[in-house]
Number of protein chains: 2
Amino acid sequence: MARIVMKFGGTSMAGIERIRSVAARVKREAAAGNQVAVVVSAMAGETDRLVGFCREASPLYDPREYDVVVAAGEQITSGLLAIALQAIGVPARSWLGWQLPINTDDAFAKARIGTIDTQALDASLSAGEVAVIPGFQGVSAEGRITTLGRGGSDTSAVAVAAAMKADRCDIYTDVDGVYTTDPRIVPRARKLAKVTYEEMLELASVGAKVLQTRSVGLAMKEKVRVQVLSSFTGEDAPMADTLPGTMIVGEEEAASQENGDVERQLITGIAHDKNEAKITLTSVPDTPGSVASIFEPLAAANINVDMIIQNIAHRSSASSSATDVTFTVPAADLPRSIEALNQAREAIGFGELIHDMRVAKISVVGVGMRSHAGVASTMFTTLGARGINIQAISTSEIKVSVLIHEDETELAVRVLHTAYGLDAEEAA
Amino acid sequence: MARIVMKFGGTSMAGIERIRSVAARVKREAAAGNQVAVVVSAMAGETDRLVGFCREASPLYDPREYDVVVAAGEQITSGLLAIALQAIGVPARSWLGWQLPINTDDAFAKARIGTIDTQALDASLSAGEVAVIPGFQGVSAEGRITTLGRGGSDTSAVAVAAAMKADRCDIYTDVDGVYTTDPRIVPRARKLAKVTYEEMLELASVGAKVLQTRSVGLAMKEKVRVQVLSSFTGEDAPMADTLPGTMIVGEEEAASQENGDVERQLITGIAHDKNEAKITLTSVPDTPGSVASIFEPLAAANINVDMIIQNIAHRSSASSSATDVTFTVPAADLPRSIEALNQAREAIGFGELIHDMRVAKISVVGVGMRSHAGVASTMFTTLGARGINIQAISTSEIKVSVLIHEDETELAVRVLHTAYGLDAEEAA
């Protein structure tokens, strides 16, 4: 017997036919003797509908009331899945966020989960009931409904798995696992049997939209074994514990030769992200503190700055020198960034503000690179050989990222995928 | 300062534009210095959509999970109305059934309200907040969501009004009050300034579909002054305390000459109801207990029998006498009634079972008739003069009802409306 959390997204819950198919899959796990909790999203499109209502009612809506409205989407699907499970003979009941309870802070609309009481849940699971839990929601200390922010259902699933000490948290999505890169760009992308939490964080945050970043961070902290697998394989598919999804695990387990990976690659995958924007400030005075004064107003506005390059200072007049500073921000934050910088123009003393949305960030990710200095040079050489100009570079322990022109995204991903030996024998 | 409950139905909540118009109306009551709680229905059509999902998931759905699903409709509108109120500067917050809490029994899908805790509500109202409360829902002793059954929002509003000792419970509907009869049948029907709870119960249960019967019964028990008024008059309409709606009150207040009624009529209104079915059992043995044996199986099946006529016994053979028994049941219960009677055929010993859906019940209602014996004879004479055949009669302290052929419904209502002097000078 194992304890398993199964999480299904909005596409899997879109309509009663699909909910019935989810119920059949849950039944198989329960019938195999497992204790099962299911975390569900709202029906596809429902959260957008409810958010739209709130915005229409008031663009400056009270997040406490917004949470009351949008939490209804998952409430509906959790009740419906419980009904569908009972209809095929599986004892089941729904547990709303305030019923378990799933305690959160009171940052409404973007709450963070604190503790989850498992006493009632344990009793229910031990009695052979499947627990159906709406994702995305919890309850504040003063008893008001909270939601976790968009995509929060993945985080709910991992948090429930941690609280109930689940052996596995299976995330059913519309992809069948994590690939070495986007298979729409590289048909020979390979599905990974295992990735580490750290790699998944880099792959997720730079564009592999499989799991919410926050849920991966939580899984890493709580050591929850997360499996990504497809919700679209038929009911005659093998059981989830033998399904060829991708396991997201700690480094030790990932490095082991068991269960899949015959050979651990140096590089795990290539990610791309077109949601960055580049800003260049010209003629910034090359004096101590002047570059810092650029990033203070951005930090104050909660804007994440990613890559930063400062050119070599050049003489702008006989008496003083100046420099150009380039950096990237999330594309969605570009208007606010421009506003914040223009307001601080006098303090910074820059010449012109030039911005460019037509950029892409390409990242090479792999836990193995920590001990391999050659990864970066392979990247630069490969891109240079195809005439792709590198506009900025940033690195972390397990990642090297470059900023290039948006039009060259697909080409860059393809040549790097080949250069690092990631291509499969046959197209995926 | 008064304490007021305002209740808005699904048509008033159908879309953000209408919710905004509700908010404007609530603002006027609050701005006049009143403490206001608002009870809301789900958006028109939403409850049907959610009920449809449950039925599709399983015709034999678990009512506990059904309640989780359908309660979401009112949860959504209560959050949206709170947002719309805040947007026009009115402090407001939603209070879900489990938050107040509104305690109910655990008859899921048809729960009855027990007590309502008003401590938090009182504090919120005293602080100048408008309380927005989803109708139709509560919470069971073990902390599960319950719903009150269709139309339960009227009952929620009256229960909240009773708990918070409200001066008035204003029910905004798509009619602008209670009329002496259906204005679609009699254009000269008059809107009543006041009716008693008892009259309203008779008018509601026999066809004036303004308020849920159960809510009127509760208002009578708890002595809540209920006002029915239109949700469609413009925002420049007079305040609700001077609006020409219909007040539903106790007999003493109804009899007083203040605030409206210049002269209290003997008869308050004429109601009609086409949802009855007539059953006749022929040749029932005229022995003690044999008639009772007809109604036992119907009572066991929870079928309400309304009018009963037993013809004079006639000799069916030399040694025994037999009689025909006619009675009415709700049309929706006709198939079950026939089944129950046929199963008990041997015990009852009837000859034939004849049924007729094409009947209508016409009722003359008025508190005043208790002391006026002539009401019934006026009714029979008036109908007889137009050749309308009376198939059955039943009476209560404040009502005389007759069963006639369905085709004569409108004619009967019109001639009775005139006969009792109810016609207005001009068409409504």
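Two strands count as paired when DSSP finds at least two bridges between them. Keep that in mind for the sheet in chain A of this predicted model.

**Stop 1: a strand pair.** Select residues 359-365 and 399-405 of chain A: these are β19 and β21, which run antiparallel and are joined by 7 bridges. Zoom in on A:V359 and you will find A:H405 of β21(A) opposite.

**Stop 2: the whole sheet.** Now add β13 and β20 to see an open, antiparallel sheet of 4 strands, ordered β13-β19-β21-β20 in chain A. β13 (269-273) and β20 (392-396) of chain A are the edges; each has a single partner strand, so one side of each lacks a neighbour in the sheet. On average, neighbouring strands are turned by 20° against each other, direction ignored.

**Stop 3: two helices.** Show residues 374-385 of chain A, helix α12, which lies across β19, β20 and β21 at about 20° to β21(A). Then pick α13, residues 409-419 of chain A: this helix lies across β13, β19 and β21, at about 15° to β19(A).

**Stop 4: the interface.** Bring in chain B. Chains A and B each put 38 residues into their contact, and the area buried between them is about 3200 Å², 63% of it from carbon and sulfur atoms. Highlight B:E65, B:I83 and B:W98, which supply 18% of the area chain B buries against chain A, more than any other three residues.

**Stop 5: polar links.** The interface of chain B and chain A holds 2 salt bridges. For one of them, select B:R49 and A:E46, whose closest N and O atoms are 3.3 Å apart. Finish on α4(B), which gives the most to the side of chain B touching chain A, with 10 residues.

Definitions and conventions. Residues numbered from 1 in each chain as written. Chains lettered and ligands numbered in written order. Predicted model: local features only at pLDDT ≥ 70, side-chain atom pairs only at ≥ 80, totals over all residues. Heavy atoms only, no water. Contact = heavy atoms within 4.5 Å. Buried area = accessible area lost by both parts, 1.4 Å probe. Salt bridge = Lys/Arg side-chain N within 4 Å of Asp/Glu carboxyl O. Axes fitted to C-alpha atoms, helices over the stretch in contact; angles between N-to-C directions.
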